[in-house]
Structure formats: C-alpha cells, structure tokens
Amino acid sequence: MRLSKRSRRSYSGRRPSEAGRSTQTAVRVLLFPALLLYLELVLHIYMGMGLAHFPVWLVFSGAGGLLLSAVTVPFHRQANAVISKVLAVLVTLVYAVELIAKKILQTFYGFSALKLAAGNRLTDYSDVIFSTVLHSIPILLVLFLPALFLLVLGEQMVGFWRFDARFAVLVAALALVLHLLGLGVVGLLPWKGDLTPKQLYQMDTNLDDQVEQLGLWTMLRLDMKHMLFPVKHNLEDDFDALGSLGAGSADASGASSSTQEPEGPVIDTSPNVMDVDLAKLAEEAPNDDLKWLANYFNSLTPTKKNEYTGMFEGYNVIQLVLEGFSGYVIDKDLTPTLYKLTHEGFIFNNYYTALHYTSTSNGECQTLLGLYPRNGGTATMTRTGELGTNAYFSLAQQLGRAGYQVMGFHPNGDMYGRLASHINLGYDWRQFEHGFDNLEVNDSGKLLWPQRDSYMVEASVDEYIHSDKPFHVYYLTISGHMPYSNNRVVAPYRETVRALPYSETTQNYVATAMEVDKALEVLLQKLEAAGKLDKTLIVATGDHIPYFNVDTLEELAGKTFGSSDDLERLKEGSIDFNVYKNSLILWSASMEEPVEVDKVCCQVDILPTLSNLLGLEYDSRMLAGSDILSDSEGLVVFTSRCWMSDKGFYNRFTQTFTPAEGVSMSPDEQETYVAAMKKLAGYKLDCTHLIVENDFYRYVFGG
C-alpha cells in the first residue's frame with residue numbers, strides 16, 4: 001500500500017508546531033555561525049591570544065558560518081543531516097589540527113603550506129606528534145564537544161528537514177551582508193598598533209597575527225584567496241630616513257671609531273659595494289617590485305671595509321648549521337671543542353638566532369642567503385629551489401666563482417625541497433639517496449634516526465680534505481633534532497649526562513651537544529692531520545633554539561624566559577627575548593688572540609661578515625644583514641616585528657622602546673629613530689619575497 005505524502009512525513013516523527021519550527025529554523029541557520037564562534041573563542045583563550053579584536057572575528061565567523069549553513073539546507077532531509085554533521089566534524093578537525101601544529105611547530109599553517117608539509121617526512125616527528133596529541137586530549141574534547149553533540153542529538157536539536165533553494169540563497173545573502181560588515185569593522189574602526197586588522201587583511205604573511213586579530217577561519221580563507229590571486233605588494237617608498245641608519249660610529253667592540261690611533265698601516269674603509277647603477281636599474285625595471293627593490297637598496301648606506309677585510313682570503317671554509325643548538329648548553333668540561341671555538345676565535349656577546357617561520361629551513365635562509373625569511377606560505381629556501389632563483393651572494397656561488405671546490409652534506413632525505421634549493425645555491429649537494437648513502441642504516445637499508453653528526457663527518461671528510469683547490473663545505477647537522485629522548489645519539493653519553501642535576505630531557509639535550517662537540521673534534525683532527533687546519537675557517541651556528549623544550553633552556557641558563565605556555569608557543573609578546581641568545585662560532589687556528597664583539601647581531605649578518613673576511617666582492621646594500629665587524633649599527637629583527645639594535649629594544653606589542661644601557665636620547669630623537677627603524681625592520685622582512693619571486697639578483701647580475 002502506498003502512503004500519502006502526509007503519512008510519509010509522519011514516519012520521521014511528529015511535525016513541530018509553527019512556533020517550534022520557527023525556533024528550529026533559527027537554530028538551524030545559526031548552527032554554524034555559533035560553531036565557528038565557539039571554536040575561535042576556545043582557540044584564542046587556550047592559546048593565550050588577546051580578545052581585543054573579538055568584534056572582527058565575531059562578524060567574520062558569522063559570515064562564514066551562514067555560508068556553511070546555506071550549504072546544508074537546500075537538499076533532502078537525510079542529505080542535509082549528513083552534510084551538516086560531516087561539515088561540523090571537518091571544520092572542528094581543521095581547528096584541532098591547527099592547534100596541534102601551533103603547539104609543535106610554533107606557528108599556524110595555511111593551505112599554501114600543505115605542499116611543503118606533504119614533501120616532508122612527518123614520520124620523523126611521530127613521537128612528538130603522538131605525545132602532543134595525547135597531552136592535548138582535554139582541549140581536543142572541548143573543541144569537538146559541539147560536533148559530538150550534533151552527531152548524537154542533532155535530530156532533536158535542529159530538525160534536518162528540507163528547505164527550498166530560495167531559503168539557501170537568502171541565508172547566503174545574509175552571509176554576504178555580514179562579510180561586508182566585517183570589512184567595515186576591519187577597515188573603518190580606529191585600530192591601533194604596528195599591525196592592524198586592516199593591514200593584516202591585505203597581507204599573505206604574519207599568519208599568527210592574522211589568527212589573533214582576524215580569526216583562524218579568516219586566515220585560512222585569505223590564504224586560499226591569495227593562492228589564486230597573489231597579493232600585490234604595495235610597499236611604501238619612503239626611503240628618506242633610511243640613509244642615516246645602519247652606518248654607525250662604533251667599531252666591532254663598541255668603541256668609537258674616532259679613538260683609532262693614526263699610526264700604523266692605512267686601513268681601506270671604502271664602502272663594500274659593486275659597480276651597479278641601482279638608480280638606472282630602477283628606471284628601467286620591468287615591474288613595480290623590481291623598481292621598489294632597486295630604489296630601496298639604493299637608499300641604504302653601505303657598510304665599510306675595515307681592518308678585518310680579507311683576513312681569511314684564500315682560506316678553506318667549513319660552515320655548519322647545528323640543528324636545535326643553543327649556546328646555553330656549552331660547557332668547558334662536557335663540550336670542550338665547542339668551548340674552545342667560542343672562546344678562542346671571534347667572541348660574539350650579543351648574537352641571536354631568532355625563530356622564524358618553518359624553523360630549520362628558514363634558519364638556513366638567514367644563514368646562507370643573508371635574508372630574513374618570508375613569514376608564511378612556502379618556505380623561502382624551498383621557493384628558491386622551485387624557481388631556480390639566482391642566489392648570487394650565497395657563499396657557495398661567491399667561492400665557486402673564485403675557484404673553490406664547493407660541497408654540502410646532510411644525513412637525511414629530501415626535507416623542505418633541499419635537494420633543489422641547495423643545488424641552486426651552488427653546492428655539490430649530498431644527502432641520503434642522493435650521493436650520500438654511506439650513512440647509518442638498518443638491515444633493510446632504512447636510515448637510522450637520528451644520525452650521529454660525528455659519523456656524518458667521518459663519512460664525508462675524505463671527499464674534500466685532500467683537494468688541491470681551496471674548499472668550502474657546508475654541513476647541516478641532525479643529532480640535535482627533537483625529541484630529546486633516550487635515543488641512539490644519547491646512548492654513548494648516557495652515563496655522563498645522567499650524573500647532571502637536570503631533568504632527563506635536559507640531560508638528553510646535553511648529550512646531543514656532546515655529539516656535536518665530537519663531530520667538531522673529529523673535523524679539527526682530520527684537518528690537522530691533512531696539514532690544513534691553519535688555513536681553514538670554521539663557522540657554526542644553530543638553525544634555531546630547541547623551541548619545543550624551552551624548559552631545558554631555562555635549566556641550562558639558570559633563569560626563566562616567561563611562562564611555560566608562552567615559551568612553548570613562542571608568543572613573542574610575553575617572552576624574554578634572551579631566550580634567543582646564542583653562540584656564533586667564527587674561528588681559525590691561525591688567530592693569535594680572540595676578538596670580542598659586543599655588537600647586536602644575528603644569522604643574517606653571517607654571510608656579509610664572511611664575504612668581507614674572505615675579501616670577496618659583494619654589495620652590502622643588497623642583503624638584509626650587515627658585516628658584524630664593520631662600524632655599522634647592529635640590528636636583529638624578530639618574526640613578530642619587534643627588533644633590537646645597539647641603541648635599544650622595540651616591543652611591537654606594547655609599542656615601547658627601551659634604550660640600551662648607556663644610550664641617551666631626547667624624546668624627539670627617540671621618536672624619529674624608532675619611526676625610521678620600524679620602517680627599516682619592515683622593509684628587511686618584506687623585501688625577501690620580492691627578491692625571490694622577481695629573481696632580483698638575476699635582474700641585476702644576469703644568469
């Protein structure tokens with residue numbers, strides 16, 4: 001027997017009254033706006049983000065939620081129910097994944113970074129991921145509570161009947177109205193700060209700031225939009241105040257250059273520039289980005305040559321980037337080689353390794369390119385490999401042009417597209433499964449994790465040490481990689497570190513530093529046996545601090561750097577920036593006396609400093625860093641756009657400047673200085689993407 005339409009409706013339960021139907025309709029439409037607002041609130045509160053911009057993500061959550069609601073009402077009752085439940089779970093899952101990513105990797109990730117993540121071997125981080133998820137179960141349950149509630153009680157709550165398509169269009173129209181209201185809230189309200197919602201809405205970087213001020217939903221939406229329609233970078237071209245910045249009157253030790261004795265050999269203090277007509281290049285530039293870059297670099301005061309220019313000309317150069325390294329771990333007895341190299345060469349008392357987006361890869365970007373990385377999207381180093389961008393000033397290319405044998409080694413697979421990017425830098429690049437297969441593997445040929453740095457040196461040193469040409473070798477180490485568990489790297493040092501008065505994690509971290517120390521010891525021994533130690537320059541720095549284990553840094557340093565949550569998430573608005581303080585090794589056995597340097601400096605300064613020490617021709621205006629040993633003012637720019645110079649520290653979050661000890665400025669002088677330095681810091685951060693995407697060095701120097 002066939003049932004009437006009225007009878008068939010009764011099978012799904014009693015039909016609600018008109019009042020009940022109106023209530024359920026309202027609940028039904030507001031379901032996803034409420035869900036997004038709930039997820040944003042939980043994320044912001046749990047991650048310790050400010051709520052001052054609540055009106056912004058309130059409106060955008062409403063707009064996004066109404067759009068999702070419009071998708072879940074025009075179909076058959078069962079289809080609407082399935083779509084609603086699946087969407088609720090998927091949206092919540094996105095927030096959960098972003099929360100875990102932030103806790104592990106210290107940053108939120110947009111969809112534009114999925115290709116980068118897919119190319120990396122996430123199994124190497126399985127222990128960290130599992131541990132983080134396990135410890136995050138309570139907050140994950142809180143996030144999933146509405147979705148679970150909908151799955152179980154959805155029929156009783158909202159009633160998944162069919163609306164017609166006209167109703168879906170009406171809901172979508174309301175979403176558009178709310179979106180326009182959101183644009184008004186972003187653009188018209190008098191927001192204050194160095195980065196406002198209006199600025200962030202037009203940017204494809206600073207994802208963490210976008211999440212805090214615009215909401216995670218909006219950050220992800222903008223990221224997808226910018227993948228399809230790239231941002232046009234309309235940077236200001238106010239360069240008038242920049243000419244006086246960067247060129248100081250202090251030498252490397254902090255003493256005034258006017259105190260130098262007139263006696264002795266005349267020192268060449270001409271500018272480190274090349275025969276490049278930047279003004280002409282700006283006039284003839286084929287696009288606005290290249291024009292801006294040429295004008296920007298032309299406005300800067302170059303650094304000068306100095307008494308250290310050419311000090312190591314013709315030397316072999318071995319450069320190491322040490323995974324997860326902090327100078328707080330150096331100990332005279334436990335790490336004697338590290339202690340020797342940091343105390344008998346150049347001694348940098350105010351050197352920082354600030355953490356930037358994608359940590360290791362962009363630690364390399366600063367060190368190898370002398371540029372700050374882009375804060376969002378594809379990692380800068382990865383992008384240079386994808387595009388084949390001319391890396392004219394990379395040490396590999398500079399020394400390669402000078403006739404050096406140039407090689408690079410990394411005991412891991414192809415992470416961050418390193419095979420392409422490092423070949424592009426100019427290295428004869430060796431990594432696992434690409435020319436560096438004599439590494440430690442198990443019976444099935446799988447690479448053992450983590451590799452020992454000392455073994456890496458042993459397995460590679462014969463490839464270059466007997467060369468009849470000077471050589472430049474780059475090592476990217478792996479032993480110091482998190483997690484600092486009781487692993488195969490720790491094993492040889494376990495008995496020693498277990499006697500230390502630290503937590504087991506910190507003891508394990510010390511053991512990884514001891515392995516780095518052993519690798520350096522082996523390297524020095526091999527160089528000495530080959531008769532090449534006195535003519536070799538050793539350069540080493542960390543890629544970043546062990547950011548996942550800041551408690552370890554506090555134990556080693558004997559002081560706190562902020563709350564545990566702020567440190568783990570590296571919320572730069574709440575931490576002591578000395579957490580980034582580190583050690584830079586710049587040492588040669590030929591140095592008779594150590595040279596102490598008090599200037600503020602960081603990773604981007606390494607490349608121009610080496611270029612000057614090696615007597616190479618380079619243009620100091622075209623790099624973000626500057627020669628540490630010149631008389632220029634030191635500067636470190638952090639990912640949050642806070643910055644530190646020889647004259648003081650600027651906190652972007654509080655918009656306050658604290659002069660360095662002994663520095664005196666009038667209010668007017670301070671205001672002028674801070675305004676100019678803020679502009680310079682922003683330009684230094686923003687110019688890298690323009691350089692890479694427009695292949696600026698190729699435009700200047702050719703192929």
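The exercises below, each with a worked solution, concern cavities, a surface patch and salt bridges in a predicted model.

**Exercise 1. The second largest cavity**

Determine how much space lies in the second largest cavity, and how the residues of its lining divide into nonpolar, polar and charged.

*Solution.* Begin with the structure as a whole, which holds three cavities of 30 Å³ or more. The second largest cavity contains about 60 Å³ of space. Its lining is made up of L369, L371, T384, T389, N390, A391, N424, I691, V692 and Y697. Sorting these residues by type gives six nonpolar and four polar residues, with no charged residue in the lining.

**Exercise 2. A nonpolar patch on the surface**

Identify the residues that make the nonpolar surface patch, find which helix gives the largest share of the patch, and decide whether L114 is buried or exposed.

*Solution.* The patch is made by F111, L114, M224, M227, L228 and F229, and its area is about 650 Å². Helix 11, which spans residues 216-228, supplies the largest share, namely three residues. L114, by contrast, is found in helix 5 (residues 114-119). The relative accessibility of L114 is 52%, and because the cut-off for an exposed residue is over 50%, L114 counts as exposed.

**Exercise 3. Salt bridges between distant parts of the chain**

For the salt bridges D208 with K102 and R374 with D204, state how far apart the closest N and O atoms are, where the partners lie, and how each partner is classed by accessibility.

*Solution.* The count of salt bridges in the model comes to 19. In the bridge between D208 and K102, the closest N and O atoms are 2.8 Å apart. This pair links distant parts of the chain, since D208 belongs to helix 10 (residues 207-214) and K102 to helix 4 (residues 77-105), with their positions 106 residues apart. D208 has a relative accessible area of 23% and is therefore partly exposed, whereas K102, at 7%, is buried.

For R374 and D204, the closest N and O atoms are 2.5 Å apart. R374 sits in the loop between helix 15 (359-369) and helix 16 (380-387), and D204 in the loop between helix 9 (197-201) and helix 10, so the bridge ties together parts that are 170 residues apart in sequence. Because buried means under 20% relative accessible area, R374 at 11% counts as buried, and D204 at 14% counts as buried as well.

**Exercise 4. A further pair and a network**

Decide whether D619 and R621 are buried or exposed, and name the residues that are linked in a network of salt bridges.

*Solution.* D619 and R621 form a salt bridge whose closest N and O atoms are 2.8 Å apart, and both residues are buried. The network of salt bridges links R383, E386 and E693.

Note on methods: Residues are numbered from 1 along each chain as its sequence is written. This is a predicted model: local features need pLDDT of at least 70, side-chain atom pairs count only at pLDDT 80 or more; totals for chains, interfaces and linings use all residues. Side-chain values use heavy atoms; hydrogens and water are left out. On a 1 Å grid over the protein atoms alone, a cavity is a set of points where a 1.4 Å probe fits but cannot get out, and a pocket is an open set with protein on both sides within 12 Å along at least five of seven lines; lining residues have an atom within 4 Å of a point. Grid points are joined across faces, edges and corners, and a volume is the space filled by probe spheres set on the points. Ala, Val, Leu, Ile, Met, Phe, Trp, Tyr, Cys and Pro count as nonpolar, Asp, Glu, Lys and Arg as charged, and the others, Gly among them, as polar. Patches are made of residues with over 30% relative accessible area and no salt bridge: like charges are joined within 9 Å, nonpolar side chains (Val, Leu, Ile, Met, Phe, Trp, Tyr) within 5 Å. Accessible areas come from the Shrake-Rupley method with a 1.4 Å probe; for residues, only the protein chains shown count as cover. A salt bridge is a side-chain nitrogen of Lys or Arg within 4 Å of a carboxyl oxygen of Asp or Glu. Helices (H or I, at least four residues) and strands (E, at least two) are DSSP runs, numbered from the N terminus. Buried means under 20% relative accessible area, exposed over 50%, partly exposed in between (1.4 Å probe, protein chains only).
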